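Got the viewer open? Let's take a short walk through this structure, one selection at a time.

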Amino acid sequence: MEPVERGKERVVALVDMDCFYVQVEQKSHPELRGKPCAVVQYKTWQGGGIIAVSYEARAYGVTRGMRGMEAQKKCPQLQLARIPQAHGKADLSKYREASVQVIAVMSRFAVIERASIDEAYVDLTAAARQRARQMEGQRVDSGLLKTTFVEGFSQNGQAQQSGDPATLKEEGRRAGIEAWLDSLPPDCDQNSPELQLTAGALIVEEMRAAVETETGYRCSAGISHNKVLAKLSCGLHKPNAQTILPMCSVSGLFDALPVGKIRNLGGKFGESVTEQLHIKYMGQLRAFTESRLHMDFGEKTGNWLFDLCRGVEFEPVRARHLPKSIGCSKSFLGLQALSSCEQVKHWLLQLATELEERLNHDRQQNQRVGKQLSVSVRLEGSGKSSSFSRCCALAQYQAQRIAKDAFELINGFNTAANHQTAW
Ligand code: CTP
Ligand code: CA
Ligand code: CA
């Protein structure tokens with residue numbers, strides 16, 4: 001038996017809920033279903049800030065970050081749902097509960113790593129191998145992959161000249177699936193990595209259908225050989241669709257993909273990569289030798305980048321259904337900026353009260369206790385912003401105590417320290 005090509009050993013999927021907070025609101029307010037709508041927090045100023053947008057509203061140009069009133073100018077029939085409030089701040093508990101329901105359904109299928117409130121990685125290697133064996137060399141029925149796109153194979157369909165965009169897209173998708181299935185060798189070896197991706201996609205179709213039937217929520221997914229490619233491919237076709245990203249389509253995709261679009265390269269580190277190497281796209285990284293990447297980024301990171309730009313990555317999917325930490329925060333922008341110790345103490349107590357509630361709930365649900373208290377402060381000055389973070393032992397699940405400890409942790413940074421009351 002030939003060894004599996006390096007980087008193609010696993011089948012990994014990323015499942016991400018479509019406009020998640022919107023779907024949660026639509027479930028409890030059925031009149032919003034199928035309509036252009038958005039979720040806002042704090043309806044006070046100009047209709048509140050939008051944090052989630054239905055796909056119907058996206059068609060009108062409504063985006064996250066807009067004010068509700070601004071969005072209603074673009075789309076007059078836009079309906080707004082407001083995030084509940086508690087302790088003077090947004091209360092996300094209904095979205096967290098919905099997330100728990102979805103994770104419960106998904107975890108029946110395979111090993112799940114919860115990655116955020118609305119997404120999870122799935123290691124399908126074992127399940128996909130088993131499914132590939134069961135096929136016994138028979139061609140996969142494309143009717144079982146009815147929401148699946150294959151990157152690099154979907155665009156080449158014999159799309160007709162006329163017709164609406166949705167029909168053309170569906171025709172391209174179907175032609176792509178057939179071309180992909182044709183590309184799998186006849187009497188395909190069950191150990192073929194491409195066959196295993198296809199088997200993984202069959203399982204994800206079933207998983208997504210189960211999520212929708214049992215919770216009412218729709219999601220999208222990416223299926224590939226590792227977490228980075230799975231996450232990237234999930235975003236290629238949304239909503240309510242899934243995308244296989246085979247290794248043979250990686251270089252074509254990476255040639256026009258900005259470095260910052262890749263998992264873990266979206267922030268400062270990704271910027272330093274593009275600046276140091278004078279590049280823009282992921283594919284351009286392939287021009288650099290391993291030793292050059294070692295010189296610029298050290299051996300470990302250099303190796304990682306060398307592999308990554310070729311679509312190869314090995315971070316395991318870790319079995320984890322629960323968040324690692326429980327946190328809450330609030331921003332005070334512009335004129336709302338806190339300026340006295342009293343205000344700082346007041347809001348620390350509000351945050352600590354939410355924390356106490358959620359810690360107690362977590363202890364009851366999950367039989368575990370938190371050990372560390374961490375406090376982060378972000379200061380937005382004129383032009384520059386700075387931030388710091390400090391931690392201490394989490395002594396008790398008690399709001400007053402948490403607020404007091406938190407205040408002491410950050411009090412040393414008060415620039416008005418020699419004044420009695422100012423912050
Ligand atoms: N979210 C948020 N603030 C952000 C990013 C996300 O509050 N800066 C919330 C959104 O309200 C959202 C959920 O976290 O519903 C998941 O975010 P994301 O997956 O990025 O977007 P979705 O709204 O789910 O839309 P999509 O269909 O594009 O995934
Ligand atoms: Ca989402
Ligand atoms: Ca997400």
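**Stop one: the metal site**

Start by selecting Asp16 and Asp118: both are buried. Keep in mind that you're looking at a predicted model.

Now bring up the calcium ion (ligand 2). Which protein residues are its donors? They are Asp16 (OD), Met17 (O) and Asp118 (OD), and they lie 2.2 to 2.3 Å from the ion. Along the chain, the donors of this calcium ion (ligand 2) are spaced as D-M-x100-D. Color the chain by secondary structure and you'll find Asp16 in strand E1 (residues 12-17), while Asp118 sits in the loop between strand E7 (111-116) and strand E8 (119-123). The pair is 102 residues apart, so distant parts of the chain are linked here.

Why call the arrangement octahedral? Because the six donor atoms around the calcium ion (ligand 2) subtend angles of 77 to 173 degrees.

Next, add the calcium ion (ligand 3) to your selection. It's 3.6 Å from the calcium ion (ligand 2), and Asp16 coordinates both.

**Stop two: a helix pair**

Leave the metals and select helix H1 (residues 20-28) together with helix H4 (residues 93-106). Their axes are 10 Å apart, and the two pack at an angle of about 95 degrees, which makes H1 roughly perpendicular to H4.

Show the side chains where they touch. From H1, pick Phe20, Tyr21, Val24, Glu25, Lys27 and Ser28; from H4, they meet Lys94, Tyr95, Ala98, Ser99 and Gln101. Try coloring this contact by residue type: you'll get five nonpolar, three polar and three charged residues.

Key. Residues are numbered from 1 along each chain as its sequence is written. Chains are lettered from A and ligands numbered from 1 in the order in which they are written. This is a predicted model: local features need pLDDT of at least 70, side-chain atom pairs count only at pLDDT 80 or more; totals for chains, interfaces and linings use all residues. Side-chain values use heavy atoms; hydrogens and water are left out. Donors are N, O and S atoms within 2.8 Å of the metal (3.2 Å for Na, K and Ca); water is not among the atoms, so sites may look incomplete. Four donors count as tetrahedral if all angles lie between 85 and 135 degrees; four count as square planar and six as octahedral if opposite donors are over 155 degrees apart and all others between 65 and 115; anything else is irregular. Helices (H or I, at least four residues) and strands (E, at least two) are DSSP runs, numbered from the N terminus. Buried means under 20% relative accessible area, exposed over 50%, partly exposed in between (1.4 Å probe, protein chains only). Axes are lines fitted to C-alpha atoms, for helices over the stretch in contact, and angles run from 0 to 180 degrees between N-to-C directions. Angles under 35 degrees count as roughly parallel, over 145 as roughly antiparallel, 65 to 115 as roughly perpendicular and the rest as oblique. Contact means heavy atoms within 4.5 Å. Ala, Val, Leu, Ile, Met, Phe, Trp, Tyr, Cys and Pro count as nonpolar, Asp, Glu, Lys and Arg as charged, and the others, Gly among them, as polar.
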